[in-house]
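Here is a walk through one protein chain, from its overall layout down to single residues. Keep the sequence and the 3D view side by side as you read.

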Amino acid sequence: MEQLCETIRQSVLERMDFSKELPDAELQELIAKEMSYQKNVERLTIQQRVFVEQRVFNSLRKLDVLQELLEDDAITEIMVNGPNHIIYEKNGQFYEHPYHFASEEKLQDVVQQIVGKHNRV
């Protein structure tokens, strides 16, 4: 599933027009279109398709694999110890996140997004 997400992400990046602002709805449409071009997509359940589309969207517009953790109100702490090691606290218990960043560079991009919103480096 991770490989499919990365394949779709790369295809979308290749087709995006960076000379203009792309609204979220258009980006989601582009992701859905790229999904339809993939050979193995017809074997996916609807839930799996939605999962892949959301993961690709989050990697391009939001905080990648951290986004779903941030949207869960029961999670009180998120600790990122490198691209492959994410731990979160939920209801007083610690869990290892099953997903990871595609690379150290992607993690650094997300860190810069977070600190950039607060005028930090």
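The paragraphs below start with the whole chain, then take up helix packing, then individual residues.

This is a predicted model. The protein chain has 121 residues, and 33% of them count as buried. Its secondary structure comes to five helices and three strands. What pattern does the chain follow along the sequence? It reads α-α-α-α-β-β-β-α. Along the principal axes, the C-alpha atoms fill a box of roughly 40 × 35 × 25 Å. Contacts across the sequence can be counted too. Take those between residues at least 6 apart in sequence: 45% of them join residues at least 24 apart.

Now to helix packing, with α1 as the starting point. Helix α1 covers residues 2–15, and helix α3 covers residues 46–61. Their axes come within 9 Å and cross at roughly 55°. An angle between 35 and 65 degrees counts as oblique, so α1 is oblique to α3. The crossing of α1 past α3 is right-handed. Which residues make this contact? On the α1 side they are E2, L4, C5, I8, R9, V12 and L13. On the α3 side they are V52, R55, V56, S59 and L60. Sorted by class, the contact of α1 with α3 has eight nonpolar residues, one polar residue and three charged residues.

Helix α1 also packs against α2. Here the angle is about 120°, and the axes are 9 Å apart. Angles of 65 to 115 degrees would count as roughly perpendicular, and those over 145 as roughly antiparallel. The α1 and α2 pair falls in neither range, and the two helices are therefore oblique to each other. Their crossing is right-handed. Helix α1 contributes I8, S11, V12 and R15 to this contact. Helix α2 contributes L27, L30, I31, E34, M35 and Y37. The class count for α1 with α2 is seven nonpolar, one polar and two charged residues. Look at I8 and V12 of α1: both are listed in the contact with α3, and both are listed in the contact with α2.

Next comes the loop after α1. D17 lies in the loop between α1 and α2, the latter spanning 24–37. Is D17 buried or exposed? D17 is partly exposed, because its relative accessible area is 41%. The side chain of D17 is joined to that of S19 by a polar contact of 2.5 Å.

Return to helix α3, where S59 takes part in the contact with α1. S59 lies in this helix. The relative accessibility of S59 is 7%, so the residue counts as buried. The side chain of S59 makes a polar contact of 3.2 Å with the side chain of R9. Leaving out residues up to four places away in sequence, S59 touches R9, D64 and K106.

N58 is also found in helix α3. This residue is buried, because its relative accessible area is 6%. With residues up to four places away in sequence left out, N58 touches L63, D64 and Q67. D64 thus appears in the contact lists of both N58 and S59.

D64 itself sits in the loop between α3 and α4, where α4 spans 67–70. Its relative accessible area is 8%, so D64 is buried. The backbone of D64 deserves a look. Most residues other than glycine have a negative phi. D64 is not a glycine, yet it has a positive phi of about 55°.

A second residue with a positive phi is N91, again about 55° and again not a glycine. Where is N91 found? It is in the loop between β2 (86–90) and β3 (93–96). N91 counts as exposed, because its relative accessibility is 63%. D64, by contrast, is buried.

The last stop is helix α5, which covers residues 104–116 and holds V111. V111 has a relative accessible area of 33%, so it is partly exposed. V111 and L63 are 48 residues apart along the chain, and their C-alpha atoms are separated by 8.8 Å. L63 was met above as one of the residues that N58 touches.

Methods. Residues are numbered from 1 along each chain as its sequence is written. This is a predicted model: local features need pLDDT of at least 70, side-chain atom pairs count only at pLDDT 80 or more; totals for chains, interfaces and linings use all residues. Side-chain values use heavy atoms; hydrogens and water are left out. Axes are lines fitted to C-alpha atoms, for helices over the stretch in contact, and angles run from 0 to 180 degrees between N-to-C directions. Helices (H or I, at least four residues) and strands (E, at least two) are DSSP runs, numbered from the N terminus. A crossing is left-handed if the near helix is turned anticlockwise from the far one by less than a right angle, and right-handed if clockwise. Contact means heavy atoms within 4.5 Å. Ala, Val, Leu, Ile, Met, Phe, Trp, Tyr, Cys and Pro count as nonpolar, Asp, Glu, Lys and Arg as charged, and the others, Gly among them, as polar. Buried means under 20% relative accessible area, exposed over 50%, partly exposed in between (1.4 Å probe, protein chains only). A polar contact is a pair of N or O atoms within 3.5 Å; within protein, one must be able to donate a hydrogen and the other to accept it, and residues adjacent in sequence count only if both atoms are side-chain atoms.
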